[in-house]
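Visitor: Could you take me through this structure and give me the reason behind each term as you use it?
Guide: Gladly; here is what we shall be looking at.

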Protein chains: 2
Amino acid sequence: MSTYHPFNNEEAIAYVKEIPNFFSQESNLVCREIGDGNLNLVFHISDQDTAKSIIVKQALPYAKVVGESWPLSLDRARIEREALQIQHQLSHGHVPIVYAYDEELALTVMEDLSDHVIMRQGLLNGEQYPLFAEHIGEFLANTLFYTSDLALNPVDKKEQSKKFINPDLCKITEDLIFEDPYHISDNNNYPVTIEDEAQSLRDNLDLHLEVALLREKFLTQSQALLHGDLHTGSIFVTQTSTKVIDPEFAYYGPMGFDIGAVIANLILNYVAQPGWNDSELAVQEKEAQLLLTVGNVWNKFESSFRALWNKDVQDLMARTPGYQDLYIARVLQDTVGFAGCKIIRRIVGLAHVADIDTIVSEELKETAQRKALAIGKQLILNHRHISSIEELLRIVQDTNPTSRQGATT
Amino acid sequence: MSTYHPFNNEEAIAYVKEIPNFFSQESNLVCREIGDGNLNLVFHISDQDTAKSIIVKQALPYAKVVGESWPLSLDRARIEREALQIQHQLSHGHVPIVYAYDEELALTVMEDLSDHVIMRQGLLNGEQYPLFAEHIGEFLANTLFYTSDLALNPVDKKEQSKKFINPDLCKITEDLIFEDPYHISDNNNYPVTIEDEAQSLRDNLDLHLEVALLREKFLTQSQALLHGDLHTGSIFVTQTSTKVIDPEFAYYGPMGFDIGAVIANLILNYVAQPGWNDSELAVQEKEAQLLLTVGNVWNKFESSFRALWNKDVQDLMARTPGYQDLYIARVLQDTVGFAGCKIIRRIVGLAHVADIDTIVSEELKETAQRKALAIGKQLILNHRHISSIEELLRIVQDTNPTSRQGATT
């Protein structure tokens, strides 16, 4: 049973019946495979009589993206599961519970969150999540602080970082975020209407320099255990609950990469608003509210992180006056830069976001794409000089899409 | 035979007789244990008839320093041996050849360098090594460039960095270099005559801030495979040859830590010169020559590193104009900061250098200690603003020992 093979529904049901104190052998279970089939199988198993339910997630040994198939290490299932367990413990429940796992089968059994909605979809439905910024700010502060050298003994931190060396999944990020958008690449994916913008990304050497510095940080800075792919599609929400899922890209990297991912995806939703609202007033309200959320995410992260530091910092030298301010100032700069990179890759790179791609009006879609790229570039170009979250908000508010040049030449 | 136990001379002889194509079973071998007994056994085995010789180095499961015994992982023997093999291959022979090893026995058999002298001793004997700067600059450029993300595929680099996660040995550095000198610690070791200086190291919070930043880099920046302990006691020299030994502290860290170690130990020898020369003229000559060597080490490293980059850089984004300059500028700043930390720890920390400790005149010794601390502090305090090696040389030349204050109050 334990030799790796992709499960079918019956095997998933049989497997979860063995988990102590959940279902019983007599439970009347039904199973649906609900994964997108790109990287993983996801089985939703529920008891017809009690409505009790559970999720079985199994890694596939390849990634299917746009028809291509890349081999991917099954060890990512272990990495994802260990990250879930650590983040669950550190974040006070902002991560699903792991009930069981099997490393050979690359399989994890976890809490079902079907009463939640994927945040990206919730935002597209026009929903607001008043506790989101607070929850995600706390999640970020707790998971990043307590896995860093600030809180861990350096020996323990090194042993932990060894478990999260994640070459295959990091390579995807390194290629898709920090390289492809700035060069001709088969992985790129954008409509011909914004070829002028794509060309300008390839030609802008000032931009390349800043991206090279951010790429270097991603490659070398072993600062904290990251989620590694913290977009709004990896976050389940309700009005009162926020749950972070899918940390298969987890590795030890720069804190700003996770924070920047959240902010980038809020900004991608921000630039899409004209495509999703009928009135200018509604657009302005949504935009204002999204900017407020961006600010609150950072501010909540910062205040929580400072509180944890003041309470639990273990590193004697890190108690030096002024060091905390300097540390957080650099995390903010990283956050801004990585947010910019994340925005750009979602417009011209391989994988896009529904916030923009499903805008019905081609004109509004193109305007949103151009605005996203303009903001992304400004964030990257300015990231080393940003000293407050207000500066980031000002860039987002004041940057307008560049007009179409060269597309007809 | 392969269960770990410390070897005696007879076992060492029996072991090397089994190595193919070196000695034979009939060889007339003699063995001397020549290690300092702190961390390792070192057996020197030579053939009485042919004068052919070899070294057997075996790790002990503890470190004995100043009477104390710390448990230490035997895995460091594997780390040292793998680092020797990689550095040998990359540095064109500036590292001894490994002939055999046994991981269970924590044992490595390598080239005997008895025709060389330990550089620290050579310098104390008044020798000059005209090729040293060129050799060590090349060693640094080759080993650091080719183990970094600049030259390695990021997947291979991550697999390699995993093998060199070295928590025990890194902890020694983290404690002895980046923490103890700045706090009251049983590990500190300095004469009561410089208590005023030691106190000022503990009180100077501007200094602590810069040390905290350098400590953070040491803890988190996985830039290249370092030697990790590259002082003049880890370098064997002749007039024509330079060999780097003992990389048991090897790990993926910031390049400037290795370069800074070489420079720091040259500066420690520089400040000691008045204690080793009879005339002011001789002192001045030695000082000038040591400063020239420091400059040449950096310049040779920089020119070689740039040449390797221009020839073999693999990272597409790293080819961005301006990135190489920015990269090297940051390596220089790190070098200056780490050199400062290394100088300070050798005066007030646990392990000292013979250059200073064996000066006969107590007065000249104390002056050298004070001058070293003054230079170390200036290097650390200024490291983030240094933009040329000449600035470092100017600090070394212009910084005089602080006068004794408070020692009598």
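What follows is a conversation in which each label is set against its definition.

Guide: This is a predicted model, in which local features need pLDDT of at least 70 and side-chain atom pairs count only at pLDDT 80 or more, whereas totals for chains, interfaces and linings use all residues. Residues are numbered from 1 along each chain as its sequence is written, chains are lettered from A and ligands numbered from 1 in the order in which they are written, and side-chain values use heavy atoms, with hydrogens and water left out.

Visitor: How do you know how chain A can be laid on chain B?
Guide: The copies are superposed by least squares on the C-alpha atoms of residues with pLDDT of at least 70 in both. A turn of 180 degrees with a shift of 0.0 Å along the axis lays chain A on chain B with an RMSD of 0.0 Å, and the two copies are thus related as by a two-fold rotation axis. In chain A, the C-alpha nearest that axis belongs to A:Q221, at 2.4 Å.

Visitor: What makes up the interface of chain A and chain B?
Guide: With contact meaning heavy atoms within 4.5 Å, 42 residues of chain A are in contact with 42 residues of chain B. The area buried between the chains is about 3800 Å², of which carbon and sulfur atoms give 68%; buried area is the accessible area (1.4 Å probe) that two parts lose on being put together, summed over both.

Visitor: Why is the meeting of B:R215 and A:D315 called a salt bridge?
Guide: The term requires a side-chain nitrogen of Lys or Arg within 4 Å of a carboxyl oxygen of Asp or Glu. The N to O distance for B:R215 and A:D315 is 2.8 Å, so the pair satisfies the rule. Across the interface of chain A and chain B, the rule finds six salt bridges.

Visitor: What makes B:E287 buried yet without a salt bridge?
Guide: Buried means under 20% relative accessible area, exposed over 50%, and partly exposed in between (1.4 Å probe, protein chains only). B:E287 falls in the buried class, and the nearest side chain of opposite charge, B:K371, is 4.3 Å away, so the pair does not come within the 4 Å that the rule asks for. As for charge, Lys and Arg count as positive and Asp and Glu as negative, while His and the chain ends are not counted. B:E287 nevertheless touches B:K371, as well as B:Y270, B:Q273 and B:P274, not counting residues up to four places away in sequence.

Visitor: Why is B:D186 called exposed?
Guide: The relative accessibility of B:D186 is 78%, and B:D186 therefore counts as exposed. The C-alpha atoms of B:D186 and B:G349 are separated by 9.5 Å, although the two residues are 163 apart along the chain.

Visitor: What is notable about phi in A:N21 and B:H92?
Guide: Most residues other than glycine have a negative phi. Phi is positive in A:N21, near 60 degrees, and also in B:H92, near 55 degrees. A:N21 counts as exposed at 79% relative accessibility, and B:H92 does so at 65%.

Visitor: How are domain 1 and domain 2 of chain A joined by contacts?
Guide: Chain A is divided into domain 1 (9-111) and domain 2 (117-398), with bounds that come from an automatic or database domain assignment. In chain A, 27 residues of domain 1 are in contact with 29 residues of domain 2, and the rule finds three salt bridges across their interface.
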